[in-house]
Amino acid sequence: MSLTITRRIVAALSLSALLAPSAYAADITFAVKNSHPNAMRLELYSQDRDYVWPGDDKDFYLDDGETKQIPVSCNEGESICYGAWVDGDEETYWGVGPNNKEKCEDCCYTCEGGETEEIDLVP
């Protein structure tokens with residue numbers, strides 16, 4: 001008798017796990033080129049949750065002329081925007097700028113795997 005009850009409990013738990021909403025992990029790689037004559041800083045900002053890459057009060061550094069592939073793990077379907085600025089000059093920025101403060105028209109990508117087209121940050 002107890003084996004039958006145990007099977008029913010396991011079946012119910014398995015079914016509830018299948019039906020429960022969950023965030024699926026995905027990876028996306030941002031391909032970024034710094035075409036500005038000065039070095040720049042870059043961060044990636046989730047628009048769906050309070051999360052920043054690389055995080056911990058750090059940023060990605062791109063030397064002048066450098067192209068960098070930046071892989072991030074994110075939630076499937078999450079919107080991620082880039083913010084870049086000239087090193088030492090937060091008034092010269094691209095995308096949502098430093099600290100995700102600005103609006104942009106084409107600086108956000110959906111986390112669905114793969115790689116972005118090359119994002120060329122030009123003066």
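Okay, let's start with a hairpin: strand 2 and strand 3 form one, with five residues between them. One thing to keep in mind from here on is that this is a predicted model. The two strands of that hairpin pair in the antiparallel sense, over two bridges, and strand 3 covers residues 52-53. If you want to find the pairing on screen, look for Leu-44, whose bridge partner in strand 3 is Trp-53.

Stay with strand 2 for a moment. It covers residues 40-46. Is it mostly covered or mostly open? Six of its seven residues are buried, so to speak tucked under cover.

Which other strands does strand 2 pair with? There's strand 4, residues 60-62, running antiparallel to strand 2 and joined to it by three bridges. Then there's strand 6, residues 79-86, again antiparallel to strand 2, with seven bridges. Met-40 is a handy residue to click on here. It stands opposite Leu-62 in strand 4, and in strand 6 its bridge partner is Val-86.

Now let's move over to another part of the fold. Three strands make an open sheet, and the order is 5-1-9, with mixed pairing. What stands at the edges of this sheet? That would be strand 5, residues 67-75, and strand 9, residues 119-121. Each of them has a single partner strand, so one side of each is left without a neighbour in the sheet. Going from one strand to the next, the twist averages 30 degrees.

Let's look at one pairing in there. Strand 1, residues 25-34, runs antiparallel to strand 5, and nine bridges join them. For a landmark, try Asp-27, which stands opposite Ser-73 in strand 5.

Okay, zooming out to the whole protein. How many helices and strands are there? One helix and nine strands. Reading along the sequence, you get the helix, and then strand after strand: α-β-β-β-β-β-β-β-β-β.

A few overall numbers before I sit down. The protein has 123 residues, and 33% of them count as buried. It exposes about 7,800 Å², with carbon and sulfur atoms supplying 49% of that. And here's one about how the chain meets itself: take the contacts with a separation of 6 or more, and residues 24 or more positions apart account for 71% of them.

So, if you take one picture back to your desk, make it strand 2, with six of its seven residues buried, and Met-40 facing Leu-62 in strand 4.

Notes
Residues are numbered from 1 along each chain as its sequence is written. This is a predicted model: local features need pLDDT of at least 70, side-chain atom pairs count only at pLDDT 80 or more; totals for chains, interfaces and linings use all residues. Side-chain values use heavy atoms; hydrogens and water are left out. Helices (H or I, at least four residues) and strands (E, at least two) are DSSP runs, numbered from the N terminus. Buried means under 20% relative accessible area, exposed over 50%, partly exposed in between (1.4 Å probe, protein chains only). Contact means heavy atoms within 4.5 Å. Accessible areas come from the Shrake-Rupley method with a 1.4 Å probe; for residues, only the protein chains shown count as cover. Two strands pair if DSSP finds at least two bridges between them. Axes are lines fitted to C-alpha atoms, for helices over the stretch in contact, and angles run from 0 to 180 degrees between N-to-C directions.
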